[in-house]
Every structure is written in structure tokens, then in C-alpha cells.
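Here is a walk through one protein model with its ligand. Start at the binding site, then move out to single residues.

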Amino acid sequence: MKIRDILRESRKPFPSLEIVPPLKGITHKELIESIRPFMEFSPKYINVTCHRDEYEYRREPDGSFSRHLVRNRVSEVAVCGAIMSAWNIDVVPHIICGGSTAEEIENRLCDLRFMGIDNVMALRGDSVAGEKRFVPSEGGYRYASELVGAIRNFENGEDLFSIGVGGYPEKHFEAPNMETDIENLKKKADAGADYIITQMFFDNRVYYDYVDRCRAAGISIPIIPGLKPLTTARQVSLLPESFSIDIPVGLTSEIRAAGDDRQKIYRIGTDWCTAQCKDLIAHGVPAVHFYTMGKSENIVRILKECF
Ligand code: FAD
């Protein structure tokens, strides 16, 4: 079923889950067992992130360098297949512009159609090590809006996929200002995106303000808030650095007061996210998206409290 239709038909907010493909070496059974705890909540679909292939150069005995493909994770398509064979549930593989030509992306879409997948999340992807800025592949797409347009035109414009895109309540780090970033978000909606999932945030006011600004700019598609429970003290500096987001002082001071007590920090992060989720539901959001990062215990606790 298309996420667009799930969103239209749903009477109340529901949990939306995102997993990261496991590192190579994890068995099919281990993957399924890591997802099983979520099934108690009858998720309507599972998003599966996509990771760009990277290359490394190795010095050969003759002094020359050879280029080698480094792929640390199982592919998102393989993970989607595993989920679909274990449960009757929709999957949303992510597709990124980075590292692929338009033709390679078209071939990937053909595979997804073949598997009976109705949904994709269209993203640009980040720059790879050594690049200051994102560099599109030759013959590839520069922005997610171009990718959305290409997916819409796939197979002569048949309506084959429901398309999600990313949004940044605290601004995408490359955008010069929020207005421009929202204008660019609108290009994705105008190109045919059905809904937006936001980057994680830890202060709900940031999300409510963002939704207001998007609506004022003429973006009318659903905007699903993205949450991630903080789990370690290190994330207080890591998350802002990696995702260009703020962690509110209320949360950082609670974490600081917990000192080295890891369990307490984990609990603080889970409780904070639970409170955020309850407040979002009370505000009538369409769904709440969880960045599970392959961990289920904290998310299961939050889902039990909120849904
Ligand atoms: P875009 O929408 O293309 O925007 C990128 C930048 O370009 C922004 O600053 C925007 O303002 C600007 N811009 C856009 N269009 C134009 C234009 N026409 N002219 C000028 N400027 C423009 N990354 C992965 O590698 N794999 C994943 O699976 C993945 N999943 C994600 C899921 C979610 C919900 C989110 C929010 C992010 C995810 N990401 C993932 C990260 C994402 O790839 C990065 O944040 C990336 O830097 C931006 O992607 P985007 O699709 O938002 O890009």
C-alpha cells in the first residue's frame, strides 16, 4: 500500500519506524530478530536507509594504487526483501542521488517494482570523505527534487511509487537561511513528493514553528516529525555536529547532572523522547517517525507509553 494512502486513511497518529541495514556478517535470522520487538505495535511500514558505496585506494607491491569498493552494510533492497518475506508489511527503501547515475537509479526502481514495493524515500545523500561539498555523479542528480521528478517520470509517468522526502526544522546545514531551505523543500513537493519526514529534533517548538512556516510557503503535504531518543552523554556533542541540530539546555543539564551513570542517561533520553512523542500526538501529528538506529529497547518503551 502506498504511504500516501496510509496517511490519508489513518484516523490517528501511528508510529513510523526507520532501520539501518546491518553490517555485513549479520545473518538474516539476526536481522529479523532485531526487528521482531517492533511487531507488537503493528507498524504500517518500515523505512530502510540506504548507504552510498565508498571506495578506497590500496597500494600495490609495484607502487601503483588500485581502487576497491568498500561496502560495509547489507543493501537496503536485501533488507526490504527479508522484511517482506517475514511479515506482511510495507517497506520504504531510501534512494539517494549520491554515487549513482540516472540510469543506475532507474534500474534500482525496476528492481523495487519487481519486488512489489510501492514506496520510496528520495534523498540527495551527503558528501563522501574527501569532498567538501556534495558532488553529483556524472549523469546523476544534484538535488533530491530532481530525483523526485525522475521517480515521477519513471515508466512514462505511471503512478508507481509514493514518495517521501526529508525536511529540516533547524535548516539543512548547507542552506544559507531557512527561507531558502523551505523554498527548496517546496521544489520537492512541487516535483511530486507525497510527504515529508523531518530530521530529528529535541524541542517540539522547533517542529511546530517549521510546520507553520512550510504551510505559509504553500507546502501542503503531511510533515511527519522525526524523533531519536538520546542514549549516551557523547551524543550531546555528536548529534549537533553530525546533524546540525540543537539539544535544548533542559536536556543537556539533566544529562550533565547524571554524571557517569549510563543507565540514568539512557533513561533520561528515553523519557525526554516519550514526552516529545506524547506532546506531538496531542497536537495531532499524522505519525511519529523513529530513527531506531537498529536498537529496539528504548523505542519499544516509548511506543508502549505512547501508542
Ligand atoms: P536536498 O533536498 O537536495 O537539499 C540539499 C541542500 O540543497 C539543502 O541545503 C537545500 O536547501 C539545497 N537545495 C535543494 N534544492 C536546491 C536547488 N534547486 N537549488 C539550490 N539549492 C537547493 N542520507 C543517506 O545517505 N541515506 C539515507 O537513507 C538517508 N535518510 C534520511 C532520512 C531522512 C528523513 C532525512 C531527513 C535525511 C536522510 N539522509 C539520508 C540524509 C540526507 O541525505 C542529507 O541530509 C543530505 O545532506 C540532504 O538530503 P536532502 O534529500 O534533504 O537534499
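This is a predicted model. Begin with the elements that build the shell around the ligand. Strand S5 (90–96), strand S6 (119–123), helix H6 (178–191) and strand S8 (195–200) each give at least two residues to that shell. Helix H6 supplies the largest share, with four residues.

The shell as a whole counts 23 residues. Closest to the ligand are Cys50, Asp126, Tyr168, Asp181 and Lys188. What is the chemical make-up of the shell around the ligand? Ten of its residues are nonpolar, seven are polar and six are charged.

Next come the polar atoms. A ligand nitrogen lies 2.8 Å from a polar backbone atom of cysteine 50. An oxygen atom of the ligand sits 2.8 Å from a polar backbone atom of alanine 144. A side chain also takes part: an N or O atom of lysine 188 is 2.7 Å from a ligand oxygen. On its own, the ligand has 970 Å² of accessible area, and the protein covers 85% of that. Which pocket does the ligand take up? The ligand fills the space of the largest pocket.

Stay with lysine 188 for a moment. Lysine 188 belongs to helix H6, the element with the largest share of the shell. Is lysine 188 buried or exposed? Its relative accessible area is 12%, and buried means under 20%, so lysine 188 counts as buried. For a sense of scale, compare its position with glycine 81. The two residues are 107 apart in sequence. In space, their C-alpha atoms are 28 Å apart.

Now turn to strand S6, one of the shell-building strands. Asparagine 119 has its place there. Asparagine 119 is buried, with a relative accessible area of 0%. What does its side chain reach at 2.8 Å? The partner is the backbone nitrogen of isoleucine 3. A polar atom of the asparagine 119 side chain also lies 3.0 Å from the backbone oxygen of methionine 1. Asparagine 119 thus has side-chain contacts with the backbone of both methionine 1 and isoleucine 3.

Loops come next. Serine 10 is in the loop between helix H1 (3–9) and strand S1 (14–19). The serine 10 side chain reaches the backbone oxygen of lysine 12 at 2.8 Å. Against that local contact, set a long-range pair. Serine 10 and arginine 113 are 103 residues apart in sequence, and 25 Å separate their C-alpha atoms.

Finally, check the backbone angles. Where is serine 42 found? Serine 42 is in the loop between helix H2 (28–39) and strand S2 (45–48). Its phi is near 45°, a positive value in a residue other than glycine. Serine 42 is classed as exposed because its relative accessible area is 57%, and exposed means over 50%.

Glutamate 155 also has a positive phi, near 50°, and is likewise a residue other than glycine. Glutamate 155 lies in helix H5, which spans residues 144–157. With a relative accessible area of 41%, glutamate 155 falls between the 20% and 50% limits, so it is partly exposed.

Notes:
Residues are numbered from 1 along each chain as its sequence is written. This is a predicted model: local features need pLDDT of at least 70, side-chain atom pairs count only at pLDDT 80 or more; totals for chains, interfaces and linings use all residues. Side-chain values use heavy atoms; hydrogens and water are left out. A residue is near a molecule or strand if one of its heavy atoms lies within 4 Å of it. A polar contact is a pair of N or O atoms within 3.5 Å; within protein, one must be able to donate a hydrogen and the other to accept it, and residues adjacent in sequence count only if both atoms are side-chain atoms. Accessible areas come from the Shrake-Rupley method with a 1.4 Å probe; for residues, only the protein chains shown count as cover. On a 1 Å grid over the protein atoms alone, a cavity is a set of points where a 1.4 Å probe fits but cannot get out, and a pocket is an open set with protein on both sides within 12 Å along at least five of seven lines; lining residues have an atom within 4 Å of a point. A molecule sits in a cavity or pocket if more than half of its atoms lie within 2 Å of its grid points. Ala, Val, Leu, Ile, Met, Phe, Trp, Tyr, Cys and Pro count as nonpolar, Asp, Glu, Lys and Arg as charged, and the others, Gly among them, as polar. Buried means under 20% relative accessible area, exposed over 50%, partly exposed in between (1.4 Å probe, protein chains only).
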